[in-house]
Each structure stands twice: as structure tokens, then as C-alpha cells.
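Biologist: Hi! Could you walk me through this model while I have it open?

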Amino acid sequence: MAAVIEGKMVDPGGRFAIVAARFNDFITERLIGGAEGAFDAHGIDPDDRVDLIWVPGAFELPLACQKVAATGRYAAVVALGAVIRGSTPHFDYVAGEAAKGVSKVALDTGVPMIFGVLTTDTIEQAIERAGTKAGNNGAKAACAAIEMASLIARIGD
Ligand code: INI
């Protein structure tokens, strides 16, 4: 039988970073709250072990994530934001570049990057995913960060 290597939902040690987009911050604040709650629930005290970095909008997330990852101080980075389509074609550019950019940072640096950016058609859909009827994507992102940090430590160099 194959030897299974997977991340565990236990504190892998080290620090975590949340990089958050201020655009639509009434949503992003809820995602941050969800992420901090999930870290705390897994024994990672946000006051001691989590740094919060703000950027203007989701488009700016990749560069800040890259700088944060390059410090070598973080076990994983959680990118949070809310890109809401509304009536603007800007949506596709912002959402696409944010997703591509954050993914590239993970591959370039080897530091797990978690994409906790909501991409929704409406504000209502964003609210649903930010702690109301569809759960809190910030909390899910923090859990993914813990699992990936644990996995990467287990795989080793
Ligand atoms: N940024 C977001 O984070 N969410 C959005 O919904 C959004 N919309 O719709 O425009 C948005 N735009 C700003 C963008 O991220 C940059 O901050 C801006 O273009 C400056 O580079």
C-alpha cells in the first residue's frame, strides 16, 4: 500500500501572514475575523503568530504576498479579498490577475499561498461566503494554510 503523506490539521509551528485587500473591506474584515478564529481554534494565537498586511485591492495582493514570502519568516500566507462583479468589466482583470499572481508566488517561492479571495457576481453572494449562510471563506483559507504548512514540512526539502 502507498505511504500517504498529507498535511495534518495541527499547529505546524512558525508564523502565518494574512494579506488583505481593503477594497470591499466590509467583506474582507469578516474574512479576516473568520481566519483569525480558525487559527485560534487550532492553537495558533493570532496576537502572537499572525501578521496582517493590508493592500489597496485584490490586484495588489500578489506583490505583497511575494514580499512577505521572500522574508522566509512565514509557514504559509493567506490572501484575502472580495472581487465583486457588479456591473464592471474590471472584475475579470482584477480577479484573474489576483488568482494568477498569488499562484505564481507559491510556485516561485515554495511558500504555501492560500487564495481566500471571494469572486462573486453580487454583494449578496459575497456576504453569504463571509460568515453567513455559506460559511466563512476566511476560516476555510486559514485551515488550508495550516494543512499546507504541515504538508510542506512533512514533504521536506
Ligand atoms: N479590487 C478588489 O479587491 N475588489 C473589487 O471588486 C475591485 N473592483 O471591482 O474594481 C477591485 N478593484 C481595485 C483593484 O484591485 C486595484 O486596487 C486598482 O485597480 C489599483 O491597482
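Modeller: Happy to! One term before we start: a nonpolar core is a set of buried Ala, Val, Leu, Ile, Met, Phe, Trp, Tyr and Cys residues joined through side-chain atoms within 4.5 Å. Keep in mind that this is a predicted model.

Biologist: Cool. How many residues are in the largest nonpolar core?

Modeller: There are 25, and Phe16, Ile18, Phe39, Val78 and Leu80 have the most contacts inside it. Two or more residues each come from β1 (15-21), α1 (25-41), β3 (74-84), β4 (113-120) and α6 (137-155). The largest share, 6 residues, is from α1.

Biologist: And what is Phe39 in contact with, leaving aside neighbours within four places in sequence?

Modeller: Phe16, Ile18, Ile44, Val50, Val78, Ala142, Ala145 and Ile146. Apart from this core there is another one of 23 residues, including Ala64, Val77, Phe91 and Val94.

Biologist: Switching topic: is Thr28 buried or exposed?

Modeller: Thr28 counts as buried because its relative accessibility is 0%, under the 20% cut-off. Thr28 sits in helix α1. Beyond four places in sequence, its contacts are Ala20, Ala21, Phe23, Trp54, Leu80, Gly81 and Ala82.

Biologist: Nice. How much space lies in the largest pocket?

Modeller: About 240 Å³. It is lined by 14 residues, and Phe23, Ala58, Val83, His90 and Val94 are the closest to its centre.

Biologist: Which element gives the most to that lining?

Modeller: That's α4, with 4 residues; β3 and α4 (90-109) are the elements giving two or more.

Biologist: And how do the lining residues divide by type?

Modeller: Into 9 nonpolar, 4 polar and 1 charged.

Conventions: Residues numbered from 1 in each chain as written. Predicted model: local features only at pLDDT ≥ 70, side-chain atom pairs only at ≥ 80, totals over all residues. Heavy atoms only, no water. Buried < 20%, exposed > 50% of the residue type's maximum accessible area, 1.4 Å probe, protein only. Contact = heavy atoms within 4.5 Å. 1 Å grid on protein atoms, 1.4 Å probe; cavity = no way out; pocket = protein on both sides within 12 Å on 5 of 7 lines; lining within 4 Å. Points joined across faces, edges and corners; volume = space filled by probe spheres on them. Nonpolar A, V, L, I, M, F, W, Y, C, P; charged D, E, K, R; others polar.
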